[in-house]
Amino acid sequence: MSQLDLVNVTKRYGEIVAVDDAALTVPAGSFICLLGPSGCGKTTLMRIIAGLESASAGEVRFDGTRIDATPVHRRDFGMVFQSLALFPHLSVGDNIAYPLRIRGKGRAEREARVAELLDLVRLPGVADRPISQLSGGQRQRVAIARALAVSPKLFLLDEPLSALDAKLREAMQVELRQLQQRLGITTIVVTHDQREAMTMADQIVVMKSGRVLQMDRPIDVYRRPASPFVADFLGQTNCLTAKAGSGGAEIVGATVPGLDLGAGRREAEISVRPEDVAVRGAGEAPIAAEIEFVRDMGSTIEIYLKTAAGPMIAQRPTGHGEFSIGDKVSLAIDPAAVVVFPDGAPR
Ligand code: ATP
């Protein structure tokens, strides 16, 4: 078992509350992404887990035991940071073997382990190369291999792929996930990239202003966001106000039959994803709109719309209709695809 529990963890820097009463459980063997905008406290939370920072209040537990007072090097966690922090004057092999050397492992054991780790990160045979001769993606793999050298109980990565170009980054996301699954190691990754989180995570933790807003499977964070903030942060969405009406609710002045806002609620914030907004000819569907902009993404078309209640966005697979700027159209919303938020959910 290697489960991590954060129990009401708060971190203050003077007036600033970097982490605000965060409670979460990372189950053994799972891959968790901490996701949120810049400054929301992801790195601070990660540093508290690693032991590089102490919490102002709350507890960090690993395998049920409090580790708040355990120093970094005694936690046996593997860490990879954005900067990678590789030693430029050492070879690839010496970099990877470094944590083994400081633990007093002999040369033969170190060399065998380095070869094994280089195979694991798909960089066989480069142990003698200088770090300076490696590409960004290769350095990334060396940093991962070094962090895994001592078979850590917990693997922590803070924006590990952010220095890579888009294509390599996507490939490394898949590799990192596959590597984690092969090893079965409990892993926490900090990212501000929602696509990256969706690709890798068993569960996504969405943070805002130091608080954990939601922790769920990627599909549930996307399909069942708990707040307008989460809906908006994960992909695109239409956040609208709905008013209770007879037999349904009114959105953008049009009745959506069967949409229930909850008992006694006259008004609610709702979210509907662009792919759940159907675009029809003028007058064919309840909501009148005009096309303001069309973005052809190759496999899908994003249609930016003007309605009486403000801008909306729809998305269609390419080849399902012609959409031009200035077209008068109408929109239909599938009530089953609408998420209704509770009052006061963070925006
Ligand atoms: P980013 O994605 O930009 O790295 P983040 O989500 O990782 O952001 P943190 O670096 O954890 O955010 O910072 C959270 C808040 O705490 C910010 O307001 C930041 O300015 C503040 N903060 C972080 N470290 C310190 C520090 N050592 N002293 C004072 N304030 C700090």
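Start with helix α1, residues 42–50: α1 gives the shell around the ligand its largest share, 3 residues. Helices here are DSSP runs of H or I with at least four residues, strands are E runs of at least two, and both are numbered from the N terminus. Before you click further, note that this is a predicted model, where local features need pLDDT of at least 70, side-chain atom pairs count only at pLDDT 80 or more, and totals for chains, interfaces and linings use all residues. Residues are numbered from 1 along each chain as its sequence is written, and side-chain values use heavy atoms, with hydrogens and water left out.

**Stop 1: the ligand shell**

Keep α1 on screen and add β2 (16–26); each of these two elements supplies at least two residues of the shell. Now select the whole set around the ligand: Tyr-13, Ile-16, Ala-18, Pro-37, Ser-38, Gly-39, Cys-40, Gly-41, Lys-42, Thr-43 and Thr-44. To be in that set, a residue needs a heavy atom within 4 Å of the ligand. Colour them by class and you get 5 nonpolar, 5 polar and 1 charged. For that colouring, Ala, Val, Leu, Ile, Met, Phe, Trp, Tyr, Cys and Pro are nonpolar, Asp, Glu, Lys and Arg are charged, and the others, Gly among them, are polar.

Next, zoom in on the ligand's oxygen atoms. A polar side-chain atom of Ser-38 sits 2.6 Å from one ligand oxygen, and Thr-43 likewise places a polar side-chain atom 2.8 Å from an oxygen of the ligand. At Cys-40, look at the backbone instead: a polar atom there is 3.1 Å from a ligand oxygen. The ligand exposes 640 Å² when taken alone, and the protein buries 60% of that. (Accessible areas come from the Shrake-Rupley method with a 1.4 Å probe; for residues, only the protein chains shown count as cover.)

**Stop 2: the cysteines**

Stay on Cys-40 and show its sulfur. How many disulfides does the structure hold? The count is 0, with a disulfide taken as a pair of cysteine sulfur atoms within 2.5 Å. Cys-40 has no such bond because the closest cysteine sulfur, in Cys-33, is 13 Å away. Cys-40 is also buried, at 1% relative accessible area; buried means under 20%, exposed over 50%, and partly exposed in between (1.4 Å probe, protein chains only).

Jump to Cys-239. The closest cysteine sulfur to its own is the one in Cys-40, 18 Å off and so too far for a bond. Cys-239 is partly exposed, with 31% relative accessibility.

**Stop 3: the open sheet**

Go back to β2 and bring up its sheet. This one is open, with 4 strands in the order β2-β1-β4-β5 and antiparallel pairing. β2 and β5 (65–66) are the edge strands, each pairing on one side only. Two strands count as paired if DSSP finds at least two bridges between them. Strand β4 (residues 57–62) and β5 are joined by 2 bridges; select Arg-61 and you'll find its bridge partner, Arg-66, in β5.

While β2 is selected, pick Asp-21, which lies in that strand. Its phi is near 55°, a positive value in a residue other than glycine. Asp-21 is partly exposed, at 44% relative accessible area.

**Stop 4: two hairpins in a row**

Now select β11 (residues 238–245) and β12 (residues 248–251), which run antiparallel with 4 bridges between them. Ala-244 has Ala-249 of β12 as its bridge partner. The hairpin has 2 residues between the strands, and Gly-247 takes a positive phi near 75°.

Carry on from β12 to β13 (residues 254–257), again antiparallel and joined by 4 bridges. Here Gly-248 stands opposite Pro-257. This hairpin has 2 residues between its strands, and Val-252 in the turn has a positive phi of about 50°.

**Last stop: Glu-159, then zoom out**

Find the loop between β7 (154–158) and α5 (166–183), where Glu-159 sits. Is Glu-159 buried or exposed? At 8% relative accessibility, Glu-159 counts as buried. Its phi, near 45°, is positive in a residue other than glycine.

Finally, show the full chain: 8 helices and 20 strands. The C-alpha trace spans about 80 × 45 × 35 Å along its principal axes, and buried residues make up 46% of the 347 in the chain.

Technical notes
A polar contact is a pair of N or O atoms within 3.5 Å; within protein, one must be able to donate a hydrogen and the other to accept it, and residues adjacent in sequence count only if both atoms are side-chain atoms.
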